[in-house]
Amino acid sequence: MTATGAVAASDAGRPNPRPERADPARRSDRTTPAPRPERTHSVPPSDRPGTASPERAEPERLYSIGEVLNLLRPEFADVTISKLRFLESEGLVTPLRTPAGYRKYTPAHVERLRLVLAAQRDRYLPLRVIREQLEAIERGERVVGSLLGGPPAGDAGGAALGGVTEVAEAWLTREQLRERSGLDDAGVTELIEYGLLVPGPDGRFGPEALTVARIAVRLAEYGLQARHLRAYRGTANREVGLLAQLVPPLSKQGGRARALETIHELAALCAQLHGALVRQGLREVIGP
């Protein structure tokens with residue numbers, strides 16, 4: 001037997017050795033599967049490790065209608081939930097709605113409400129005019145005498161009288177009225193005597209009293225005293241009689257909130273008409 005045959009015979013009973021594993025670097029004919037992508041769990045790129053980005057913005061604060069009422073009450077004492085709902089029905093503000101139907105207001109909604117309420121209180125503007133101006137501003141149009149600017153020229157509201165604006169605050173005591181208007185006690189007494197100030201049963205004065213007192217102070221600088229102003233009381237009483245006829249039908253159509261808003265708009269129109277007629281008459285005095 002040859003040596004080769006002896007070796008072959010001796011290896012016949014041994015198992016074949018495991019074939020050597022191929023080196024992947026030298027086997028170009030075999031493709032390896034692509035690595036499985038790592039799961040990110042929908043994390044935004046800004047939150048992934050090694051990615052620099054600005055801080056994540058906090059979610060916008062949302063307010064319920066009751067919370068909005070509490071935010072506005074310190075500045076607008078007469079605002080109510082019915083008033084907020086009415087402004088929504090008139091298209092002045094459109095709050096968000098939860099799936100259950102609850103109103104949710106953003107900070108921008110709250111500021112818009114402040115703007116609307118201030119325009120009503122300080123500028124005697126009807127809601128229709130306020131809505132039109134807001135829509136024009138949102139379109140990027142420039143509105144002369146807009147809500148965001150100063151009082152419009154010839155405004156018949158309080159701002160036309162030397163910067164005096166109507167203030168709708170809570171009921172005031174006599175002392176509070178004196179402090180905030182600049183009147184002395186004799187001045188308050190005189191305005192009461194001529195019917196320009198009307199205290200309530202408890203001796204306090206309503207929200208409009210502060211406006212009347214401040215205007216009386218400014219007119220006194222021109223030499224007009226309370227006795228000269230009593231004619232305005234008579235004019236106002238006639239306007240009240242005229243507009244009061246509209247209250248019952250308006251209340252039936254849209255409730256008390258609707259009636260109050262409509263009366264407010266009518267009073268604003270009457271004030272503008274009165275101011276225009278006075279300016280027209282005075283212009284005839286001074287000439288063209």
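**Entry 1: helix α3 and what follows**

I began with α3 and listed its buried residues: K83, L84, F86, L87 and E88. The model is predicted, and I read it as such. Just after α3, I found G91 with a positive phi of about 80°.

I then looked at E88, since a charged residue in that list needed checking against the cut-off. E88 has 19% relative accessibility and counts as buried because the limit is under 20%. Its side chain meets that of R103 in a salt bridge, at 2.6 Å from N to O. E88 belongs to helix α3 and R103 to strand β2 (residues 103-104), so the pair ties together parts that are 15 residues apart in sequence. R103, at 21% relative accessibility, counts as partly exposed.

**Entry 2: the chain overall**

I counted elements next and noted 10 helices and 2 strands in the protein chain. Along the sequence the pattern reads α-α-α-β-β-α-α-α-α-α-α-α. Of the 288 residues in the protein chain, 28% are buried. I took contacts between residues at least 6 apart in sequence and noted that 60% of them join residues at least 24 apart. The exposed surface of the protein chain is about 19700 Å², with carbon and sulfur atoms supplying 55% of it.

**Entry 3: the nonpolar cores**

Which residues have the most contacts inside the largest nonpolar core? I noted V68, L72, L84, L113 and I130, in a core of 24 residues. Two or more residues come from each of α2 (65-72), α3 (81-89), α4 (107-123) and α5 (127-138). The most comes from α4, which gives 6 residues. I also found a second, separate core of 16 residues, with F205, A209, L210 and L219 among them.

**Entry 4: three residues of α4**

I looked up L113 first, in helix α4. L113 is buried, at 1% relative accessibility. Outside its neighbours within four places in sequence, L113 is in contact with V68, L72, L84, L87, V93 and Y105. For V93 I also noted the backbone: its C-alpha atom and that of L113 are separated by 7.1 Å, with the two residues 20 apart along the chain.

R112 is in helix α4 as well. R112 counts as buried, with a relative accessible area of 18%. I followed its side chain to the backbone oxygen of L92, which it reaches at 2.4 Å. Its contacts, leaving aside neighbours within four places in sequence, are G91, L92, V93, L134 and E138. G91 here is the residue with the positive phi in my opening entry.

Q120 is the third residue I checked in helix α4. Is Q120 buried or exposed? Its relative accessible area is 3%, so I entered Q120 as buried. Not counting residues up to four places away in sequence, Q120 touches K83, L125, L127, I130, E261 and H264. K83 is one of the buried residues of α3, and I130 is among those with the most contacts inside the largest nonpolar core.

**Entry 5: salt bridges**

I noted 11 salt bridges in the structure. One of interest joins the side chains of E75 and R114, at 3.6 Å from N to O. E75 lies in the loop between α2 and α3 and R114 in helix α4, so this pair ties together parts that are 39 residues apart in sequence. E75 is partly exposed at 36% relative accessibility, and R114 is partly exposed with a relative accessible area of 22%. I also noted that E75, E111 and R114 are linked in a network of salt bridges.

Another salt bridge joins the side chains of D202 and R204, at 2.8 Å from N to O. R204 counts as partly exposed, at 35% relative accessibility.

**Entry 6: helix α8 and R178**

I checked the length of helix α8 (residues 209-220). At 1.5 Å a residue its 12 residues should span 16 Å, and I entered agreement because the end C-alpha atoms are 16 Å apart. Its buried residues are A209, L210, T211, A213, I215, A216 and L219. What covers them includes α6 (174-181), α7 (185-193) and α9 (226-244).

From α6 I picked R178. R178 is partly exposed, with a relative accessible area of 26%. Its C-alpha atom is 8.9 Å from that of L210, with their positions 32 residues apart in sequence. Not counting residues up to four places away in sequence, R178 touches L183, D184, D185 and V188.

Key
Residues numbered from 1 in each chain as written. Predicted model: local features only at pLDDT ≥ 70, side-chain atom pairs only at ≥ 80, totals over all residues. Heavy atoms only, no water. Core = buried A, V, L, I, M, F, W, Y, C linked by side-chain atoms within 4.5 Å. Buried < 20%, exposed > 50% of the residue type's maximum accessible area, 1.4 Å probe, protein only. Helix = DSSP H or I, 4+ residues; strand = E, 2+ residues; numbered from the N terminus. Contact = heavy atoms within 4.5 Å. Expected span 1.5 Å × (residues − 1). Areas by Shrake-Rupley, 256 points an atom, 1.4 Å probe, with all protein chains shown as cover. Polar contact = N/O pair within 3.5 Å; in protein donor to acceptor, adjacent residues only side chain to side chain. Salt bridge = Lys/Arg side-chain N within 4 Å of Asp/Glu carboxyl O.
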